[in-house]
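I'm opening a fresh page for this one. My plan is to look up a handful of places and jot down what turns up.

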Amino acid sequence: MTQIAVIYHSAHGHTAHIARMIIEGIGQVPGIEAQLLEAGALVSAPNTVLPFDGYILGSPTYLGGVSAPVKAFMDATGPLWRTQQLRGKLAAGFTVSSLPAGDKQSTLLSMFTFCMQHGMLWVGNPILPEQHQGVPYEEAANRLGSWSGLMAQADKQSAADAFAPGDIKTARMFGQHFAETLLRLHGQPPFAAAREARP
């Protein structure tokens with residue numbers, strides 16, 4: 001079974017909510033298992049991530065970058081970098097802030113650079129902004145127009161009610177796209193996986 005780790009930090013539950021929506025999207029692809037891992041819990045045991053085939057990193061954007069627990073996880077992978085144990089694995093990133101921009105691009109770029117240093121293969125966000133097709137802005141997939149990774153905007157309310165429907169839709173589509181890309185990387189087209197899953 002091909003496995004994906006969604007490695008994240010969430011101070012107030014908003015990033016965790018998007019992580020769960022990504023997991024739901026991954027779940028639409030047969031032949032894939034996904035697991036949520038808190039970045040802070042991996043600092044003392046970064047080798048925990050080695051059995052996974054792909055990684056989706058998630059962080060709130062704090063002052064234009066990843067949060068401290070995510071950065072601590074990144075720093076803890078130094079021994080894995082020296083031995084290139086993550087080389088060739090698939091990676092992607094997502095981030096959440098309370099503003100439409102909020103310098104989220106800087107956060108995604110720090111994740112991208114981290115993954116490139118490990119020799120991983122980065123998956124962007126190819127979803128076309130649906131508002132250009134007449135879908136109402138709040139309901140549109142990729143309404144924030146991010147191509148390098150997934151961006152979501154959270155209001156200051158509870159995590160379950162903080163996001164526009166379009167951001168929730170985008171998170172699920174992003175997870176599904178990543179899972180399908182991972183299967184293709186492993187030489188198994190998504191349609192083949194779906195066919196094998198039928199009784």
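**Entry 1: two odd backbone angles**

Where does D103 lie? I found D103 in the loop between β4 and α5. Before going on, a reminder to myself that this is a predicted model. The phi of D103 caught my eye: it is near 60 degrees, a positive value in a residue other than glycine. I also checked D103 for burial, and at 53% relative accessibility it counts as exposed, because the cut-off for exposed is over 50%.

L63 went on the list too. L63 is not a glycine either, yet its phi is positive, about 50 degrees. I placed L63 in the loop between β3 (54-60) and α3 (68-76). With a relative accessibility of 94%, L63 counts as exposed.

**Entry 2: the nonpolar cores**

Next I went inside. The largest nonpolar core has 29 residues. I noted I18, I22, I56 and F94 as the ones with the most contacts inside this core. Which elements each supply at least two residues of it? I wrote down β1 (2-8), α1 (14-26), β4 (90-97), β6 (150-153) and α6 (165-185). Helix α6 gives the largest share of this core, seven residues. Another core lies apart from this one; it has 23 residues, and L37, L42, Y55 and M120 are among them.

I picked I22 for a closer look. Setting aside neighbours within four places in sequence, I22 is in contact with V6, I56, F94, L150, A171, F174 and G175.

**Entry 3: α1 against α6**

Two helices on that list deserved their own entry. I looked up how α1 and α6 pack: the angle is about 50 degrees and the axes are 7 Å apart. Why do I call α1 and α6 oblique to each other? An angle of about 50 degrees is neither under 35 nor over 145, and it is outside 65 to 115, so the pair counts as oblique. The crossing of α1 and α6 is right-handed.

I then listed who makes the contact. From α1 come H17, I18, M21, I22, E24, G25 and I26. From α6 come I168, A171, R172, F174, G175, Q176 and A179.

**Entry 4: three buried residues**

H14 is in helix α1. Is H14 buried or exposed? At 15% relative accessibility H14 counts as buried, because the cut-off is under 20%. Not counting residues up to four places away in sequence, H14 touches V96, A154, D155, Q157, S158, A159, A162 and F163. I also took a long-range distance: H14 and P79 are 65 residues apart along the chain, and their C-alpha atoms are separated by 31 Å.

V29 sits in the loop between α1 and β2 (32-38). Its relative accessibility is 5%, and V29 counts as buried. Leaving out neighbours within four places in sequence, I found V29 in contact with Q176, A179, E180 and L183. For V29 and T83, I noted 54 residues apart in sequence and 32 Å in space, C-alpha to C-alpha.

A152 lies in strand β6. I put A152 down as buried, with a relative accessible area of 1%. Which residues is A152 in contact with, leaving aside its neighbours within four places in sequence? My list reads I18, T95, V96, S97, K104, L144, F163 and D167. A152 and A101 are 51 residues apart in sequence and 9.3 Å apart in space, C-alpha to C-alpha.

**Entry 5: aromatic rings**

Last stop, the rings. How many aromatic pairs did I get? The count is two, with ring centres having to lie within 6.5 Å. One of the pairs is F112 with W122, at 5.7 Å centre to centre and 90 degrees between the planes. That makes the F112 and W122 pair edge-to-face, because planes over 60 degrees apart count that way. The pair links distant parts of the chain, with F112 in helix α5 (residues 104-117) and W122 in strand β5 (residues 121-122), 10 residues apart. I checked F112 for burial as well, and at 32% relative accessibility F112 counts as partly exposed.

Conventions. Residues are numbered from 1 along each chain as its sequence is written. This is a predicted model: local features need pLDDT of at least 70, side-chain atom pairs count only at pLDDT 80 or more; totals for chains, interfaces and linings use all residues. Side-chain values use heavy atoms; hydrogens and water are left out. Rings of Phe, Tyr and Trp (its six-membered ring) pair if their centres lie within 6.5 Å; planes under 30 degrees apart count as stacked, over 60 as edge-to-face and the rest as tilted. Helices (H or I, at least four residues) and strands (E, at least two) are DSSP runs, numbered from the N terminus. Buried means under 20% relative accessible area, exposed over 50%, partly exposed in between (1.4 Å probe, protein chains only). A nonpolar core is a set of buried Ala, Val, Leu, Ile, Met, Phe, Trp, Tyr and Cys residues joined through side-chain atoms within 4.5 Å. Contact means heavy atoms within 4.5 Å. Axes are lines fitted to C-alpha atoms, for helices over the stretch in contact, and angles run from 0 to 180 degrees between N-to-C directions. A crossing is left-handed if the near helix is turned anticlockwise from the far one by less than a right angle, and right-handed if clockwise.
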